[in-house]
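Here is a walk through one protein chain for someone who has not seen it before. Take a look at the picture, then read on.

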Amino acid sequence: MDERINKLLEQKKVKNTAMRQLVLAKFLEEKSAFSLTQLYDLLDWSEKSTIFRTLKTFVEKGILHTIDNGSGATLYALCSDNCSTHLHIDFHPHFKCEKCGKTICIDSQTFPEIKVPTGFEVKNINVNLSGICRDCKAL
Ligand SMILES: [Zn+2]
Ligand SMILES: [Zn+2]
Ligand SMILES: [Zn+2]
């Protein structure tokens with residue numbers, strides 16, 4: 001078992017369960033984003049609703065963030081250490097590979113600051129890039 005899983009659950013104050021370990025292991029292994037359906041296919045777990053509840057808890061606790069890349073399905077990806085309960089700071093672009101179909105979080109230091117008129121409060125920014133990922137490019 002990956003020691004990072006226990007550490008992460010402890011750090012974000014989430015109760016450690018077999019299901020949560022299983023889901024988190026997938027995210028740490030693959031380093032890419034998954035939709036609920038993709039996870040359901042990957043995991044040997046019969047209850048889709050259990051997986052969904054786990055994802056929801058992880059989003060609430062600052063372990064996962066959601067991605068809307070226009071595909072219609074919500075994707076989930078690992079947060080940085082700095083996210084916590086109800087406080088997400090995942091303002092970064094997401095890259096979708098046209099070849100393998102994976103969506104990956106891109107750490108960008110040069111994320112553009114978008115000015116909005118007074119009175120508006122930005123809660124979410126979606127920047128979606130697409131192309132060929134590093135792994136596919138190397139093939
Ligand atoms: Zn986050
Ligand atoms: Zn790829
Ligand atoms: Zn991300």
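What follows goes from the overall layout to the two sheets, the helices and a couple of odd loop residues.

## The big picture

First things first: this is a predicted model. The protein chain has five helices and six strands. If you follow the sequence from start to end, these elements come in the pattern α-α-β-α-α-β-β-β-β-β-α. The radius of gyration is 16 Å, close to the 14 Å that the globule rule gives for 139 residues, so the chain is as compact as a globular protein of that length.

As for overall dimensions, the C-alpha trace spans about 45 × 40 × 25 Å along its principal axes. Of the 139 residues, 18% count as buried. Take the contacts between residues at least 6 apart in sequence, and 49% of them join residues at least 24 apart.

## The antiparallel sheet

Let's start with the sheet made of β1, β3 and β2. This is an open sheet of three strands, ordered β1-β3-β2, and its pairing is antiparallel. Why do β1 and β2 each have one side without a neighbour in the sheet? Both stand at the edges with a single partner strand, so one side of each is left free of a neighbour.

Now for the pairs themselves. Two bridges hold β1 (residues 34-35) and β3 (residues 75-78) together in the antiparallel sense; here Ser 35 sits opposite Leu 75 of β3. On the other side of the pairing list, β2 (residues 64-67) is joined to β3 by four bridges, and these two strands also run antiparallel. Along that pair you can find His 65 opposite Ala 77 and Leu 64 opposite Leu 78.

## Helices around that sheet

Which helix packs on the β1-β3-β2 sheet? That would be α4 (residues 48-60), which touches β2 and β3. The direction of α4 makes about 105° with that of β2.

Helix α4 also has a helical partner. Helix α2 (residues 18-30) packs against α4 at an angle of about 75°, and their axes are 10 Å apart. Angles from 65 to 115 degrees count as roughly perpendicular, so α2 is roughly perpendicular to α4. On the α2 side the contact is made by Met 19, Arg 20 and Val 23, while α4 brings in Thr 50, Ile 51 and Thr 54. Sort the residues of this contact by type and you get three nonpolar, two polar and one charged.

## The mixed sheet

The other sheet to look at is built from β5, β4 and β6. It is an open sheet of three strands in the order β5-β4-β6, and the pairing is mixed. Strands β5 and β6 stand at the edges, each with a single partner strand, so one side of each has no neighbour in the sheet. From one strand to the next, the twist averages 25°.

Where does the mix come from? Strands β4 (residues 94-97) and β5 (residues 103-105) run antiparallel and are joined by three bridges, whereas β4 and β6 (residues 128-131) run parallel, with four bridges between them. In the antiparallel pair, His 94 stands opposite Cys 105 and Lys 96 stands opposite Thr 103. In the parallel pair, Phe 95 of β4 has Leu 129 of β6 as its bridge partner. Strands β4 and β5 form a hairpin with five residues between them, and there Gly 101 takes a positive phi near 80°.

## Two lysines in the loops

Glycine isn't the end of the positive-phi story here. Lys 13 has a phi near 60°, a positive value in a residue other than glycine. You'll find Lys 13 in the loop between α1 (3-11) and α2. Is Lys 13 buried or exposed? Lys 13 has 10 C-beta neighbours inside 10 Å, so it counts as exposed.

Lys 31 is another such case: this residue is not a glycine, yet its phi is positive at about 55°. The loop between α2 and β1 is where Lys 31 lies. With 11 other C-beta atoms within 10 Å, Lys 31 is exposed.

Technical notes:
Residues are numbered from 1 along each chain as its sequence is written. Chains are lettered from A and ligands numbered from 1 in the order in which they are written. This is a predicted model: local features need pLDDT of at least 70, side-chain atom pairs count only at pLDDT 80 or more; totals for chains, interfaces and linings use all residues. Two strands pair if DSSP finds at least two bridges between them. Two residues are in contact if their C-beta atoms, placed from the backbone, lie within 7 Å. Axes are lines fitted to C-alpha atoms, for helices over the stretch in contact, and angles run from 0 to 180 degrees between N-to-C directions. Angles under 35 degrees count as roughly parallel, over 145 as roughly antiparallel, 65 to 115 as roughly perpendicular and the rest as oblique. Ala, Val, Leu, Ile, Met, Phe, Trp, Tyr, Cys and Pro count as nonpolar, Asp, Glu, Lys and Arg as charged, and the others, Gly among them, as polar. A residue is buried if 20 or more other C-beta atoms lie within 10 Å of its own, exposed if 12 or fewer, and partly exposed in between; C-beta atoms are placed from the backbone. The radius of gyration is taken over C-alpha atoms; the globule rule is 2.2 Å times the number of residues to the power 0.38.
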